Every structure is written in C-alpha cells, then in structure tokens.
Amino acid sequence: MTRPLTIAVVDDEAPVRKALGRLLSASQINTTAFESGRQFLDSLDSARPDCVILDLHMPEMTGHDVQRALKRADASVPVIIITGFDEPEARVRCLAAGACAYLLKPLDDQVLLEAVANCTGTKPPCGTQHRAGDNTFKN
C-alpha cells in the first residue's frame, strides 16, 4: 500500500488555503497550509512535502524568493506556481527555475489535480484529464 501524498499549500490568502485544502482532501491527499513562504521554509527541517502549491505574489517573501531558497537549500520539492496575474516574464522565470506547472487563478480543480499528479509522478484522481487550452503552462 502506498502512503498518501502530502502537499504544502503556501498562500497569504486564507480562503485560497482553505479551498485548496478541501479540494486536495476530497482527493485523499494530505495538506499542510502555510500563510507565508518563510513559514513553509522553516517547516522543511521537520517534514518534506511531496509537492508545494506556491502563490507567486505574497508579501515579504514572493514565490520567486521561495523557489530560490529551495534551490539554495538543495530541497528537491516539486513546485506548482499559482497566480492571479498572467505575466509572461514571471511564467518563464518560474518554469526556468524548475516549477513543474504555472497555473492561473481562478484555478480549475481538474487542472490542479492533474498538475499535482504530474509533479509527483502519481496517477491523477478519477475524472481528471488535461484539456488543451486550459490555464496551465508546463515546461
């Protein structure tokens, strides 16, 4: 029997953290929520998630900052970037820094679950499928 996935959700907006937690939980995926990049990075000493869903635009420490810190710490945690702003330069920068997906808010549940499956090398939950023209950008 395989162990359930644990996904870290890092977003400064509590409603986003709560919604993503519910979605992932309904798909039998464990979540740990963090309201800041610093909180998430500090937690890595005690537990490593299978993947992190990371908001790009947060106060104090941006998603870019967190990606850089993960790279400096040689922490091989797959990153899914989420953002409400489609900025082509940011997308290129995030993907070049190793993000496995760049998703636009509002998030499509199925696209997010597919991205989690792709980033973790697991099978997506039933009913998920990638559709051309959706809001995901992968490298």
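Here are some questions and answers about this predicted model.

User: Let's start with charges. How many salt bridges does the structure hold?

Analyst: Side chains of opposite charge can pair when their charged atoms come close. One such pair here is Arg91 with Asp86, at 3.1 Å from N to O. Counting up the salt bridges in the structure gives 5.

User: Which residue meets the side chain of Arg38 in a salt bridge?

Analyst: An α-helix has 3.6 residues a turn, so residues three or four places apart point the same way. Arg38 and its partner sit 4 residues apart in helix α2 (residues 37–43), which puts about one helical turn between them. The N to O distance is 3.5 Å, and the partner is Asp42.

User: Are Arg38 and Asp42 buried, exposed or partly exposed?

Analyst: To be exposed, a residue has to be over 50% relative accessible area, and to be buried it has to be under 20%. Arg38 comes out at 44%, and Asp42 at 48%. Because both values fall in between, Arg38 and Asp42 count as partly exposed.

User: What does Asp55 form a salt bridge with?

Analyst: The closest N and O atoms of this pair are 3.3 Å apart, and the partner of Asp55 is Lys105. Asp55 lies in strand β3 (residues 51–55), while Lys105 is in the loop between β5 (101–104) and α5 (109–120), so the pair ties together parts 50 residues apart in sequence. Asp55 is buried at 2% relative accessibility, whereas its partner, at 22%, is partly exposed. So the name you're after is Lys105.

User: Back to the other pair: is Arg91 buried or exposed?

Analyst: Arg91 shares a salt bridge with Asp86, and Asp86 is partly exposed at 43% relative accessibility. For Arg91 the value is 17%. The cut-off for buried is under 20%, so Arg91 counts as buried.

User: Where do the buried residues of helix α4 fall, seen down its axis?

Analyst: The buried residues of α4 (residues 88–96) are Ala90, Arg91, Cys94 and Leu95. Seen down the axis, they fall within an arc of 125°, so they line one face of the helix.

User: And which exposed residues does the face of α4 turned away from its buried side carry?

Analyst: We've just met the buried side, with Cys94 among its residues, and Cys94 has a relative accessible area of 0%. Turn α4 around and the face away from that side carries the exposed residues Glu89, Val92 and Ala96.

User: How many residues of β3 are buried?

Analyst: Both faces of β3 are covered. On one side Cys51, Ile53 and Asp55 are buried, and on the other Val52 and Leu54 are too. The strand is largely enclosed by the rest of the structure, because the buried count is 5 of the 5 residues.

User: In which sense do β3 and β4 pair?

Analyst: β1 (residues 6–10) pairs with β3 over 4 bridges, in the parallel sense, and Ala8 has Val52 as its bridge partner in β3. With β4 (residues 79–83), β3 also has 4 bridges, and Leu54 stands opposite Ile81 there. The sense of the β3 and β4 pairing is parallel.

User: What is the handedness of the β-α-β crossover from β3 to β4?

Analyst: Leu54 of β3 is opposite Ile81 in β4. The chain gets from β3 to β4 through helix α3 (residues 63–72), and this crossover is right-handed.

User: Now for cysteines. Which residue does a disulfide join to Cys100?

Analyst: A disulfide is a covalent bond between the sulfur atoms of two cysteines. The count here is 1 disulfide, with an S to S distance of 1.7 Å and 110° about the S-S bond, a right-handed link. Cys100 lies in the loop between α4 and β5 and its partner in helix α5, so the pair ties together parts 19 residues apart in sequence. That partner, buried at 14% relative accessibility, is Cys119.

User: How far is Cys51 from the nearest cysteine sulfur?

Analyst: Cys51 is buried, at 0% relative accessible area. The cut-off for a disulfide is within 2.5 Å. Cys51 is in no disulfide, and the nearest cysteine sulfur, that of Cys119, lies at 4.7 Å.

Methods:
Residues numbered from 1 in each chain as written. Predicted model: local features only at pLDDT ≥ 70, side-chain atom pairs only at ≥ 80, totals over all residues. Heavy atoms only, no water. Salt bridge = Lys/Arg side-chain N within 4 Å of Asp/Glu carboxyl O. Helix = DSSP H or I, 4+ residues; strand = E, 2+ residues; numbered from the N terminus. Buried < 20%, exposed > 50% of the residue type's maximum accessible area, 1.4 Å probe, protein only. Arc of directions from axis to C-beta. Pairing = 2+ DSSP bridges. Right-handed = clockwise from strand over helix to strand, strands pointing away.
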